[in-house]
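Here is a short briefing on one protein model. Please view the sequence and the fold side by side before reading on.

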Amino acid sequence: MQKNVVPLMSTLCDAGYTVLLETNGARDISKVDPRVHRIMDLKTPGSGEVDKNLWSNIDQLTLRDELKFVMGSREDYEWSRDKVQRYDLPSRCHAVLFSPIFGRIDPREIVEWILADKLDVRFQLQMHKFIWSPTQRGV
């Protein structure tokens with residue numbers, strides 16, 4: 001979204017830096033330098049933003065990238081599980097991450113579902129919610 005960020009990322013890669021880009025998946029990532037590590041969200045139904053997902057981005061993912069699903073319900077989990085299986089996401093990217101929405105769902109539930117389904121995904125907590133107040137912005 002920021003002007004000139006795409007060429008800046010390439011310039012930083014040229015200078016030998018490791019560059020990471022976190023994106024919500026609503027913007028086209030095809031123009032991002034392939035040396036950049038992209039961490040992309042796919043919005044789940046519970047987010048109210050599932051219609052903003054740019055599905056063509058999945059074809060752009062490489063083994064250097066990560067794909068993240070943040071979920072707040074069993075419905076979000078099942079939707080995410082379906083996308084992991086339908087698009088064979090573990091073979092497309094470095095890691096598929098499942099994370100609970102803080103305070104909306106017990107993290108243990110998601111872990112139990114992952115284990116029961118034998119999904120090839122990683123579980124993660126939003127650490128900033130534990131370090132700072134869950135309502136604090138900008139951290």
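The points below cover the sheet, the helices packed on it, and two backbone details.

This is a predicted model. Its sheet is open and has five strands in the order 1-2-3-4-5. The pairing is parallel.

**Sheet edges**
- Strand 1 (20-23) and strand 5 are the edge strands.
- Each of these two pairs on one side only.

**Strand 2 to strand 3**
- Strand 2 covers residues 37-41 and runs parallel to strand 3, with three bridges joining them.
- Isoleucine 39 has glutamate 66, in strand 3, as its bridge partner.

**Strand 3 to strand 4**
- Six bridges link strand 3 and strand 4, again in the parallel sense.
- Glutamate 66 stands opposite alanine 95 of strand 4.
- Glutamate 66 thus appears in two pairings: with isoleucine 39 and with alanine 95.
- Strand 3 is mostly covered, with five of its six residues buried.

**Strand 4 to strand 5**
- Strand 4 (residues 95-100) and strand 5 run parallel and are joined by two bridges.
- Phenylalanine 98 has phenylalanine 123, in strand 5, as its bridge partner.

**Helices on the sheet**
- Helix 2 (residues 74-86) packs on the sheet and touches strand 3 (66-71) and strand 4.
- The direction of helix 2 makes about 160 degrees with that of strand 3.
- Helix 4 also packs on the sheet, where it touches strand 3, strand 4 and strand 5.
- The direction of helix 4 makes about 145 degrees with that of strand 4.
- Strand 3 and strand 4 are thus touched by helix 2 and by helix 4.

**Positive phi angles**
- Most residues other than glycine have a negative phi.
- Asparagine 4 has a positive phi, near 70 degrees, and is not a glycine.
- Asparagine 4 sits in the segment before helix 1 (5-14).
- Lysine 118 is not a glycine either, yet its phi is positive, at about 55 degrees.
- Lysine 118 belongs to the loop between helix 4 (107-117) and strand 5 (122-123).

**Exposure of lysine 118**
- Is lysine 118 buried or exposed?
- Lysine 118 counts as exposed because its relative accessibility is 73%, and the cut-off for exposed is over 50%.

Terms used: Residues numbered from 1 in each chain as written. Predicted model: local features only at pLDDT ≥ 70, side-chain atom pairs only at ≥ 80, totals over all residues. Heavy atoms only, no water. Helix = DSSP H or I, 4+ residues; strand = E, 2+ residues; numbered from the N terminus. Buried < 20%, exposed > 50% of the residue type's maximum accessible area, 1.4 Å probe, protein only. Pairing = 2+ DSSP bridges. Contact = heavy atoms within 4.5 Å. Axes fitted to C-alpha atoms, helices over the stretch in contact; angles between N-to-C directions.
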